Amino acid sequence: FPKTGCSRRAMCAARARGESLSSRLLLLVCAFSALVAFKPSEPFLVAFLHCVKGVATATVYHAIFPLWTYAYLALLPSLSAAAEIIGCRTVVFIGIAGRIATLLLLLLGGTQLALLQLSQVTIAAGFAAYPALTAILYKQLPAEAYSRAVGFVGFAGVIADVLSSLLGQVLLDAGLQLTPLFIISAGATVAAAALVFALPAPPAHALTPLLRGRSLSPSCFSAADSLADSMCTSLAAQPQRDAELPQRTPQPEHAAEAAGAGAC
């Protein structure tokens, strides 16, 4: 009995430590997501390019913004595969470096069209690297806590996005210029970059499936698993029932013969 009590206390202590680590990781990732999304400059990017950089609006929409779409299309699968080779935290760092490079190009890059187009490629790297952040949660958290954690992270990002947009509008209405909004965005992004080093670094497995040893969705497949278990149990018991059948079937015949002999 003392050993049983000690083992239970050890299990409870281990569970408490695991929950504490999961909570700290969730708070860290939520803070990172909020800082990345805190960009009061984002709703005013077209105005910044047109009014500050002197780029025509038609050029912005036809020669600059399409670069984001094409770069994201190429970088999303590339960085997702790289996360399994070089590690998820490294890919997250690549993404945050791309975001910082974007703001530096916008603030210090001048008015050259090539540099403005390059800024769309670097910000596409930031967006394409974001799934590696949720991959860290997937690898570190229990399966039942993962979906809830992703919801909290998404909620933190949306709230930060909304509040930063409102802040940008308030500052513009108060007479602030567009450039300081991008400086605020750069400060929040640099703060997010500092948090990358506090993220856990799950071991990278080259060409190893992400879902090894884990269930895709226990809630969706629990009924199918139960049905499969019952079928396996039934199939395993079938040979034993077949072996018993020859022993039981002759009994009625012997009983009939005995009854016939008695009648004769």
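Helices α1 and α5 each give at least two residues to the lining of the largest cavity, so let's start our tour inside this predicted model. The biggest share of that lining comes from α5, which contributes four residues. Walk around the wall and you meet F32, V36, V92, G95, I96, R99, G126, A129, Y130 and L133. Sort them by character and you get seven nonpolar, two polar and one charged. The space enclosed is about 70 Å³, and the structure holds one cavity of 30 Å³ or more. How would anyone find a hole like that? Rolling a probe the size of a water molecule over the atoms shows where empty space is left.

Next, the pocket. The largest pocket contains about 350 Å³ of space. It is lined by 18 residues, and the ones closest to its centre are K39, E42, L45, I123 and F127. Several helices pitch in here: α4 (66–86), α5 (88–108), α6 (113–128) and α9 (178–196) each supply at least two residues of the lining. By type, the lining of this pocket splits into nine nonpolar, six polar and three charged residues.

K39 deserves a closer look. You'll find K39 in the loop between α1 and α2. Is K39 buried or exposed? Its relative accessible area is 13%, and the cut-off for buried is under 20%, so K39 counts as buried. Which residues does K39 touch, once you skip its neighbours within four places in sequence? They are R99, F127, S164 and S185. Two of those names should ring a bell: R99 is on the wall of the largest cavity, and F127 is among the residues closest to the centre of the largest pocket.

Stay in that loop a moment longer, because S41 is there too, between α1 (2–37) and α2 (45–52). S41 has just 3% relative accessibility, so S41 is buried as well. Setting aside neighbours within four places in sequence, S41 is in contact with L181, F182 and S185. Notice S185, which is also on the contact list of K39.

Now for a glycine elsewhere in the chain. G151 is part of helix α8, which covers residues 143–173. With 43% relative accessibility, G151 counts as partly exposed. Try finding C30 from there: G151 and C30 are 121 residues apart in sequence, yet their C-alpha atoms are 9.9 Å apart in space.

That pair fits with a figure for the whole chain. Take the contacts with a separation of 6 or more: 81% of them join residues 24 or more positions apart. Zoom out to the overall build, and the chain has eleven helices and zero strands. Of its 264 residues, 30% are buried. The chain exposes about 15600 Å², with carbon and sulfur atoms supplying 70% of that area.

Finally, compare the model with a database record. An unreviewed UniProt entry places the feature "transmembrane region" at residues 21–38, 58–79, 91–115, 121–138, 150–172 and 178–199. What does the chain look like over residues 58–79? That stretch is 95% helix and 0% strand, with its end C-alpha atoms 31 Å apart. Residues 150–172 are 100% helix and 0% strand, and there the end C-alpha atoms are 33 Å apart.

Definitions and conventions:
Residues numbered from 1 in each chain as written. Predicted model: local features only at pLDDT ≥ 70, side-chain atom pairs only at ≥ 80, totals over all residues. Heavy atoms only, no water. UniProt positions renumbered as here; feature names shortened; annotations may be inferred. Buried < 20%, exposed > 50% of the residue type's maximum accessible area, 1.4 Å probe, protein only. Contact = heavy atoms within 4.5 Å. Areas by Shrake-Rupley, 256 points an atom, 1.4 Å probe, with all protein chains shown as cover. 1 Å grid on protein atoms, 1.4 Å probe; cavity = no way out; pocket = protein on both sides within 12 Å on 5 of 7 lines; lining within 4 Å. Points joined across faces, edges and corners; volume = space filled by probe spheres on them. Nonpolar A, V, L, I, M, F, W, Y, C, P; charged D, E, K, R; others polar.
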